Amino acid sequence: MSEEKFDAIIVGGGLAGCSAAIVLARAGKEVLMIERGDYCGAKNMTGGRLYGHSLEKIIPNFAEKAPIERIVKKEKVSLMTADGSLDIGYHSAKLSSAPECASYTVLRSKFDRWLAAQAEEAGAEIIPGIVVDKMIVEDGKVVGVEATGEEMYADVVILADGVNSLLAQQLGMKKELEPHQVAVGAKEVIRLGEDVINQRFGLNGNEGLAWLSAGDPTEGSFGGGLLYTNKDTVSVGIVATLSDIGHSDLSVPQMLDRFMSHPSIAPYLEGGTPIEYSGHLVPEEGYGMIPELVRDGVLVAGDAAGFCVNLGFTVRGMDFAIESGRLAAEAVLKAHEAGDFSKETLSVYEKLLNESFVMRDLKQFKGFPTILTERAIFEDVPDTADKICEKLFTVNGEPTESAIMYAVNLIAQRTSARNAVDMITKIVEAF
Ligand SMILES: Cc1cc2nc3c(=O)[nH]c(=O)nc-3n(C[C@H](O)[C@H](O)[C@H](O)COP(=O)(O)OP(=O)(O)OC[C@H]3O[C@@H](n4cnc5c(N)ncnc54)[C@H](O)[C@@H]3O)c2cc1C
């Protein structure tokens, strides 16, 4: 049994854990961060885009030093059918006019490793390659963790152990995940070379593209496709809600193959070399899946707390992980000042979260997961959009029918006015 008692132990060296470790170590606290991967980032995955605002608060101008891939200056959203794609694009320098509003494509194995090094530099101790399998609870208060038989003690434990958070489940703070609360992500990283990426995607220098798609990629199942340009690779992936996977005959890897062979995607990937394949769960239910965040001696941050918002055109979990890690650390610092690590004192974490974008955004979009279970969005909307576009853009010598009347008739055939109004109302309410 270790004699040493830490000011804080952090379980999980992802973005939430590293952020908490940096803040605590900088404040002079004895921090131990335990990561099950061989190094921080070894087991971590994301689609690809980090909104930089929350890390800016911890490391101003971090992009000048961190291993970011590209700065996102092009956005693209597509509704796909088997052979067509209706694309909306936005390209603007405003997307990165200041560090707080810039977003970056990242590869977690590099990025998290760098962030962990910042925590180490600030004085945090990191033990990689071991799994925390048990929480140590005395008189109802968390006092430490057990990893591969060794007990380690601390005034507070921050659980930043990702979406499953088996440890928060073990404590009874979090229920076992339900299939509608999470999506499965599968992603391939494909090397194309920097020049090829710039030519094919119309990018200059370190400009990046974020491209999200719905419809055909998941064969109408709830979910979508993603493509992010990195320095000399692209990240291409699929996210599919677990409860709806049975809607399609395709497995998630098959959905990814289908997406990569889509006529709108395949030409961009031609000649590329796959260098990495990964899979991971994504918290999808947002506000509705937030667990108990604080108990005596313990706090939950990042994906472990379900802090993620997927709106279809933006996917955000990393900025929530960083902010919640920082706020958990702030709460621990306040508890140290008070010399009291009870739930009551640590609950300042919930107050800080409520005042931050974390809870504000989660509350703002709490109705959104319901929209993402509207079958029409993944089947009827892409197909209807495709048919209307075909009508608009086809000139073949036949008499030209009014595109507006065609659209009205098509929509009327597919849905009643009542259903259409209900859906629009739901969308308006969700936003
Ligand atoms: C396919 C996909 C696409 C996504 N796209 C985006 C995107 O584009 N933008 C965005 O902002 N977000 C995106 N997200 C969400 C984002 O990746 C997560 O919200 C973010 O990674 C959460 O960070 P975290 O530190 O809370 O958890 P994680 O990154 O999961 O870190 C948890 C860490 O804990 C470690 N760990 C777990 N259990 C233990 C244990 N018992 N002992 C020791 N260590 C343990 C793990 O190894 C891991 O390092 C995406 C997610 C997926 C899967």
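**Exercise 1. Find how far apart the C-alpha centres of domain 1 and domain 3 lie.**

Solution. The model is a predicted one. Start with the domain assignment, which gives domain 1 (5-69 + 106-175 + 291-355), domain 2 (180-283) and domain 3 (371-430). Then take the C-alpha centres of domain 1 and domain 3: they lie 45 Å apart.

**Exercise 2. Work out where the ligand lies with respect to the domains, and describe its shell.**

Solution. Step one: 40 residues surround the ligand, and Gly-12, Gly-14, Gly-185, Gly-302 and Gly-317 are the closest. Step two: sort the shell by residue class, which yields 16 nonpolar, 15 polar and nine charged residues. Step three: look at the elements that each supply at least two shell residues, among them α1 (15-26), β11 (182-191), β14 (233-241) and α8 (318-338). Step four: domain 1 and domain 2 both contribute to the shell, so the ligand lies between them.

**Exercise 3. Decide whether strand β13 (residues 223-229) is mostly covered or mostly open, and name its partners.**

Solution. Step one: seven of the seven residues of β13 are buried, so the strand counts as mostly covered. Step two: consider the two directions. In a regular strand, side chains alternate between the two faces of the sheet. From β13, Gly-223, Gly-225, Leu-227 and Thr-229 point one way, while Gly-224, Leu-226 and Tyr-228 point the other way; all are buried. Step three: on one pairing, β12 (residues 207-215) runs antiparallel to β13 with four bridges, and Ser-213 stands opposite Gly-225. Step four: β13 also pairs with β14, antiparallel over seven bridges, with Gly-224 opposite Val-239. A hairpin of three residues joins β13 to β14.

How values were computed
Residues are numbered from 1 along each chain as its sequence is written. This is a predicted model: local features need pLDDT of at least 70, side-chain atom pairs count only at pLDDT 80 or more; totals for chains, interfaces and linings use all residues. A residue is near a molecule or strand if its C-beta atom, placed from the backbone, lies within 6 Å of it. Ala, Val, Leu, Ile, Met, Phe, Trp, Tyr, Cys and Pro count as nonpolar, Asp, Glu, Lys and Arg as charged, and the others, Gly among them, as polar. Domain bounds come from an automatic or database domain assignment. A residue is buried if 20 or more other C-beta atoms lie within 10 Å of its own, exposed if 12 or fewer, and partly exposed in between; C-beta atoms are placed from the backbone. Two strands pair if DSSP finds at least two bridges between them.
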